[in-house]
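Here is a short briefing on one protein chain. Look through the structure first, then use the points below as a guide.

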Amino acid sequence: MYSTLKDPVNLRRDILASLVVFLVALPLCVGVAVASGVPAELGLITGIVGGLVVGFLPGSSLQVSGPAAGLTVLVLEAVNEFGLGALGALVLATGLIQIALGALHFGRLFRAVSVAVVQGMLAGIGLVLFFGQLYTMAGEKQPRSGVDKITGVPGLLKTVASHSDALTPFMVGVGTIVVLVLWKKLPARAQMVPAPLAAVALATAVTALAGVSVAHVEFNGLLDAVQPPGAGDFRSLGSMAALTTILAFALIASAESLFSAAAVDRMHDGPRTEYDKELMAQGVGNTVCGILGALPMTAVIVRSSANVQAGARTRTARILHGAWLLLFAALLPAAVGVIPLAALAGVLVHAGCKLVPVKQILPLWRQHRGEAVVLAVTAIAIIVTNMFEGVLIGLLLAVVKAAWETSQIHLDVQETVEGRLTVTASGNATFLRLPRMLETLEALPEDRPVELDLSQLRHLDHACRTVLETWAEQRGTTFEALTRR
């Protein structure tokens, strides 16, 4: 920040960028909080911590942290299961795990996670978020499971069509989505106002001027919302369900933050991200959020890309965006209370759609069908089970797919002048390819001498070695002889 203050040009750029990021972050912080089933203040607190705490820490200088739509579903499940008071303890434990992982240099390892798994994770989250927020748009209580959210949509639409109390807020949400979609088609000067802010502001103004009766955000002030976790909240962390939730928070928040950092690095030519330090910075941020009883945070690609595109040069921009959030919440709390809940739900429906990589699915299917299957299975597993189990299923499938693809083996059978059969094996001999190996070897004539050349194998695992030894014994030769021509 000091270097920025010495450079008036960079300082001016950072101030302007911080205002843009603030305007993008404001409706998203409130919307994510409401969608997560917690007071709106907690979303703003997380955004403030992301600016004023994480903003100062090393790692990535231009990416911006705050509450993320990708964690909305998991937070809602956690609040429903453990209560709002335990949320702080869960987030605090998540932050400590991230700090430990960063200190142990695990930051770079998250980059090894299959992109298809991450895309599938975001797609699953996006679909659950999309269908769940349709109920909020209509002022209805959304079902708990992802499957029920989807199967209940026909009944929801029937309710909307037959009850004006549901139709009115639903149309406010639809109008918000329309503004978000069409905003990019407006002239560049109009787009200087971020689309989420414009959509929410227009929905607020229309409902107020028309005197439409819809539910609004409840906002009582930041200090009243701060509720540090108590001793009883920490005792609940010993259950397997709580530990699973913490691991899910840590895995998803870390992966999303570091993938965001990689994407942001491609958008500018400044200093590159130090992944271990960035992971520790996210951990510090979540630790502070946990102490304050706020939402978990991640680095958010929407705010980060807005920061870069607005011309930010240093970390000053993201620090100032946190300061603007704090000033707004402290000086203009009544402005939050006039925002219709249906408008925020519309913003989250639109955000859910953007999490689903629709444009990438068809090309991925054409070029890498295995990756497309991993993506689809991960997304479906998240909808059918839950976030943590769905991601684990996706990771397991990705590992199996990688093992299958890397265990390619080729067996070449040739006959020598003396009538001896020579089988040359090349590639990787693993247990996954045993059926094919045995089919080839057992199909060889019983009355012909056979020699197996393994010198071109890159890998021979224990299972294959054992099977080959058995086969050699049955053929009346020794395993050692198999490796000689």
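A pocket here is an open set of grid points with protein on both sides within 12 Å along at least five of seven lines, and its lining residues have an atom within 4 Å of a point. Helices are DSSP runs of at least four residues, numbered from the N terminus. The model is predicted. Its chain has 23 helices and five strands.

**Overall build**

- Along the principal axes, the C-alpha atoms fill a box of roughly 95 × 60 × 55 Å.
- The chain counts 485 residues, and 51% of them are buried.

**The second largest pocket**

- This pocket holds about 390 Å³ of space.
- Three helices each supply at least two residues of its lining: helix 2 (8-35), helix 4 (72-82) and helix 6 (115-137).
- The lining has 20 residues in total. Nearest the centre of the pocket lie Ala35, Leu76, Thr136, Lys141 and Gln142.
- The lining is mixed in character, with eight nonpolar, seven polar and five charged residues.

**The second largest cavity**

- The structure holds two cavities of 30 Å³ or more.
- The second largest cavity has a volume of about 30 Å³.
- Its lining consists of Ile409, Leu411, Ala425, Met437, Leu441, Leu452, Leu454 and Leu468.
- Strand 3 (409-415), helix 22 (434-442) and strand 5 (450-460) each give at least two residues to this lining.
- What is the character of the lining residues of the second largest cavity: nonpolar, polar or charged? Eight are nonpolar, with no polar and no charged residues.

**A nonpolar surface patch**

- Leu362, Trp365, Val373, Val377 and Ile393 form a nonpolar patch on the surface. Together they have about 390 Å² of accessible area.
- Helix 19 (358-367) and helix 20 (369-384) are the elements that give two or more residues to this patch.
- Trp365 sits in helix 19. It counts as partly exposed because its relative accessibility is 38%, and partly exposed covers the range between under 20% and over 50%.

**Salt bridges**

- How many salt bridges does the structure hold? There are two.
- One pairs Lys401 with Glu371, and the closest N and O atoms are 2.6 Å apart.
- Lys401 lies in helix 21 (387-406) and Glu371 in helix 20, so this pair ties together parts that are 30 residues apart in sequence.
- Is Lys401 buried or exposed? Lys401 is buried, with a relative accessible area of 17%. Its partner Glu371 counts as partly exposed, at 22% relative accessibility.
- The other bridge joins Glu274 and Lys277, with the closest N and O atoms 3.2 Å apart.
- Glu274 is partly exposed, at 41% relative accessibility. Lys277 is also partly exposed, at 40%.

**A positive phi**

- Most residues other than glycine have a negative phi.
- Histidine 105 has a phi near 65 degrees, a positive value in a residue other than glycine.
- Where does histidine 105 lie? Its place is in the loop between helix 5 (84-103) and helix 6.
- At 55% relative accessibility, histidine 105 counts as exposed, because exposed means over 50% relative accessible area.

**Sequence distance and spatial distance**

- Alanine 351 is in helix 18 (341-355). At 19% relative accessibility, alanine 351 counts as buried, since the cut-off for buried is under 20%.
- Alanine 351 and serine 305 are 46 residues apart in sequence. Their C-alpha atoms are 15 Å apart in space.
- Aspartate 148 lies in helix 7 (146-151). It counts as partly exposed, with 39% relative accessibility.
- Aspartate 148 and leucine 348 are 200 residues apart along the chain. In space, 19 Å separates their C-alpha atoms.

Conventions: Residues are numbered from 1 along each chain as its sequence is written. This is a predicted model: local features need pLDDT of at least 70, side-chain atom pairs count only at pLDDT 80 or more; totals for chains, interfaces and linings use all residues. Side-chain values use heavy atoms; hydrogens and water are left out. On a 1 Å grid over the protein atoms alone, a cavity is a set of points where a 1.4 Å probe fits but cannot get out, and a pocket is an open set with protein on both sides within 12 Å along at least five of seven lines; lining residues have an atom within 4 Å of a point. Grid points are joined across faces, edges and corners, and a volume is the space filled by probe spheres set on the points. Ala, Val, Leu, Ile, Met, Phe, Trp, Tyr, Cys and Pro count as nonpolar, Asp, Glu, Lys and Arg as charged, and the others, Gly among them, as polar. Patches are made of residues with over 30% relative accessible area and no salt bridge: like charges are joined within 9 Å, nonpolar side chains (Val, Leu, Ile, Met, Phe, Trp, Tyr) within 5 Å. Accessible areas come from the Shrake-Rupley method with a 1.4 Å probe; for residues, only the protein chains shown count as cover. A salt bridge is a side-chain nitrogen of Lys or Arg within 4 Å of a carboxyl oxygen of Asp or Glu. Buried means under 20% relative accessible area, exposed over 50%, partly exposed in between (1.4 Å probe, protein chains only).
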